[in-house]
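Visitor: I would like a close look at one chain of this model, taken slowly, and then at the places where it and its neighbours meet. Please walk me through it in one connected account.

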Amino acid sequence: MYGNAFVDPDEWKNLKKGDMTEEDPQKLEAFQAKIDAGDKIEPADWMPKEYRRQLIRMIEQHANSELIGALPEGAWITRAPGFKRKMALVAKVQDEIGHAQLLYNAAESLGKSRVAMLNDLMTGKSKYSNVFNYPAVTWADVAVIGFLVDGAAIVNQLINSKGSYGPYCRALKRICAEEAFHLKQGHDAFVSLATGTDQQHQMLQDALDRWWKPLIHFFGPSDKASVHGEKLQRWKVKMASNDHMRNKFFDQYVPKILEVGLTIPDAELIKDESTGEWQFGDPDWDEFFRVIKGDGPCNKERLAVRNWVRENHQWVSDALLRPDRVRMVPLA
Amino acid sequence: MSTQDATRQLLFQMADDALIMGHRNSEWTGIGPTLEEDIAFSSMAQDKIGHAYQLYKILNAMGEGEMDKLAFNRNEKDFRSCHLVELPIGDYAFSLMRQFLFDTAESIRYEQLQNCSLTPLAQLAVKVKGELRYHKMHADVWIKQLANGTEESKARLQAALSELWPYALGMFEEGDWQAARKSEGLGDSESEIREKWLAAVSPKLEEWNLRVESAEAVEGGRQGYHSEFLAPLLKEMTEVFNIDPLASW
Amino acid sequence: MESLDPRVGRMKVDGLEAGTVSEENYWESFEVFHQKKTGTAFVHVGSLQASDHEMAMLLAKEQYGRRMTTTGLWVVKTTNVFVLEPDEMHMFSTTASKTHREAVDYKVRDKISAFKEKNKNK
């Protein structure tokens, strides 16, 4: 057959949340054995409906996050100070669009079209990482995003790149490689400000104060009570708990923040050396949920921009879509 | 005008054009028509900013100052960019058409500079060949396809061309450096480049069914008299840098 | 819309409704093959959407070639890639055990040694 035609492009529309009925127990067992053996699941393989549904959701949200994530940093492209920062920032935001492209392709391999995913993003039906609902208020915010938000994302991506779904792993492999450049660049901008003039140092401290809670929120609430978590981990869709990843982030980045003389705006942040776990102050999970539901400082603006893109460029699609084109699921 | 000044004039003109053009094009990063095209257009913006950097580097070697200072710490009236590159981005047809007109001129300019007397500039002209080739190919493919698209895409292209044409002619503004530029082996005169440029763009515009009306060139940029758009652009571009021009960012 | 982003400030977004595009608004899908050094194999690096082959090549160069050396680039419409069907995959299940195709079990040295031994005194 031609292309990924064995992927039913309409199946995703009928996937219901938590639907575990009607799965053939033999097929499920073989599927689990494959995953336990460390094999990758490819688009052609049989998979439980819930696996397909969860993966589409996860990869789609990741793709959306890259696309929307381009906006707070993109806001500073025209104002980047100096050639080095200017070119690096354009390249970085370009990479984020590139990652979105790779991730939408990976999600498409499960049957949902790019058009459908962008539609759901524009209408607010599907989500993206909450951290991007906050504004980059100053240049120092760009440095914080470039170093710490990227750092948090890398913790997430590195762990998930060991997951079970082939196309997602392949996309993540390339993404992780490119993120290494982003992190270096972000760290450099961060350190330049921290070790620069008093004014620059203060600008960075102010930005850190603004972004600390969103960074804690980035990994999500503690998933000890999560119902789905166990199944997702068994299927290697979710490779580690939220707490585990947040902890790794603290391990890697707290020392780097402190070594340049910044203060972390959380007096309760401390590592329990006996358990290896970090304790931290209440980051206000009510705010997290409020922002996710649409009440953050930039939710409306993010969607407005994506809708502007749609409207402003519709004429381009209208002019260039060939009548003989065929709808195909890409070979991710 | 002495050779040194003619050399500086040419370098500033080219560097400022590249910087402002690259800056304008970078405004599309993240909000382009498709993901793939967003990525492609962004590469071209980076190329332009990179060319500006290399040109300012040559000026730096001539004692004009640090590259960042030349780009971020000069007065508006000291810029030598043409009005064409200063205009806001408009719709995508406008940006594509501007890209086509500007890059065709740049390709011709750099091509003949490969033999110029200023060695670092001649070397740069060889280096940028590949990038400029891609920029031209990009414009050709996009405009051709849109010109064969819908009534709307054709209308937008025509509107863009009509608005841009007088500004495009302004790329070839001449001044009292012309004689010195010629006599010291700094390449073709602006009129010569314009003639080559007209010979290159006219058949393409005809192929694409796009018309130009004779117009008067919008000039002044090469003498430091700029469009209303440059000052706000520079203000935005230097907003962070000017918080502390002496700081290391 | 008032925004800290000067670009957004320049967009006319007020009054813009959240909307969708028709499901028919998809572009043609292409597969991209990339060679990073002459003499090495072309590798499938991913997919992209474009109007036609020319556009696909233009876009492939940047999405799949901007960060690595590129000595060759192919684009193929996804509809032109003929793919082995999932339930035909069992055809490959015995591949690993066809030893007659492999360089195993040929005890050449033993035979040569035995021959030399036999002819030692001739």
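Guide: In chain A of this predicted model, 78% of the contacts with a separation of 6 or more are accounted for by residues 24 or more positions apart. Buried residues make up 48% of the 332 residues in this chain. Its secondary structure consists of 11 helices and two strands, and read along the sequence these follow the pattern α-α-α-α-α-α-α-α-α-β-β-α-α. The radius of gyration of chain A is 21 Å, close to the 20 Å that the globule rule gives for 332 residues, so the chain is as compact as a globular protein of that length. Taken along the principal axes, the box filled by the C-alpha atoms of chain A comes to roughly 65 × 60 × 35 Å.

Within this chain, Val90(A) deserves attention, and its place is in helix H3 (residues 83-108) of chain A. Val90(A) counts as buried because 26 other C-beta atoms lie within 10 Å, the cut-off for a buried residue being 20 or more. Leaving aside residues up to four places away in sequence, Val90(A) touches Ile77(A) and, in chain B, Ser26(B), Thr29(B), Ser42(B), Ala45(B) and Gln46(B). Val291(A), by contrast, is 201 residues from Val90(A) along the chain, and the C-alpha atoms of the two are separated by 28 Å.

Those partners lead to the contact of the two chains, which takes 36 residues from chain A and 39 residues from chain B. On the side of chain B that touches chain A, at least two residues each are supplied by helix H1 (3-26), helix H2 (35-61), helix H3 (67-72), helix H7 (129-147), helix H8 (151-169) and helix H11 (230-237) of chain B. H2(B) gives the largest share of that side, with 10 residues. Sorted by class, the side of chain B that touches chain A holds 17 nonpolar, 12 polar and 10 charged residues.

Returning to chain A, two loop residues stand out by their backbone angles. Lys236(A), which is not a glycine, nevertheless has a positive phi of about 55°, and it lies in the loop between helix H8 (229-234) and helix H9 (242-258) of chain A. Lys236(A) counts as partly exposed because it has 19 C-beta neighbours inside 10 Å. Asp284(A), again not a glycine, has a positive phi of about 65°, and its position is in the loop between strand E2 (277-279) and helix H10 (285-295) of chain A. Asp284(A) counts as exposed, because its C-beta neighbours inside 10 Å number 12, and the cut-off for an exposed residue is 12 or fewer.

H7(B), named above for the side of chain B that touches chain A, also meets chain C. The axes of H7(B) and helix H2 (residues 53-65) of chain C come within 10 Å and cross at roughly 145°, and the crossing is left-handed. From H7(B), Tyr134(B), Met137(B), His138(B), Val141(B) and Gln145(B) meet Glu54(C), Met55(C), Leu58(C) and Lys61(C) of H2(C). The residues of this contact divide into five nonpolar, two polar and two charged.

Chain C also contains a strand pair, in which strand E1 (residues 28-35) is joined to E2(C) by seven bridges and the two run antiparallel. One of these pairings sets Ser29(C) opposite its bridge partner Gln49(C) in E2(C). Strand E2 (residues 43-50) of chain C is mostly covered, with six of its eight residues buried.

Note on methods
Residues numbered from 1 in each chain as written. Chains lettered and ligands numbered in written order. Predicted model: local features only at pLDDT ≥ 70, side-chain atom pairs only at ≥ 80, totals over all residues. Helix = DSSP H or I, 4+ residues; strand = E, 2+ residues; numbered from the N terminus. Contact = placed C-beta atoms within 7 Å. Nonpolar A, V, L, I, M, F, W, Y, C, P; charged D, E, K, R; others polar. Axes fitted to C-alpha atoms, helices over the stretch in contact; angles between N-to-C directions. Left-handed = near helix turned anticlockwise from the far one by under 90°. Rg over C-alpha atoms; globule rule 2.2 N^0.38 Å. Pairing = 2+ DSSP bridges.
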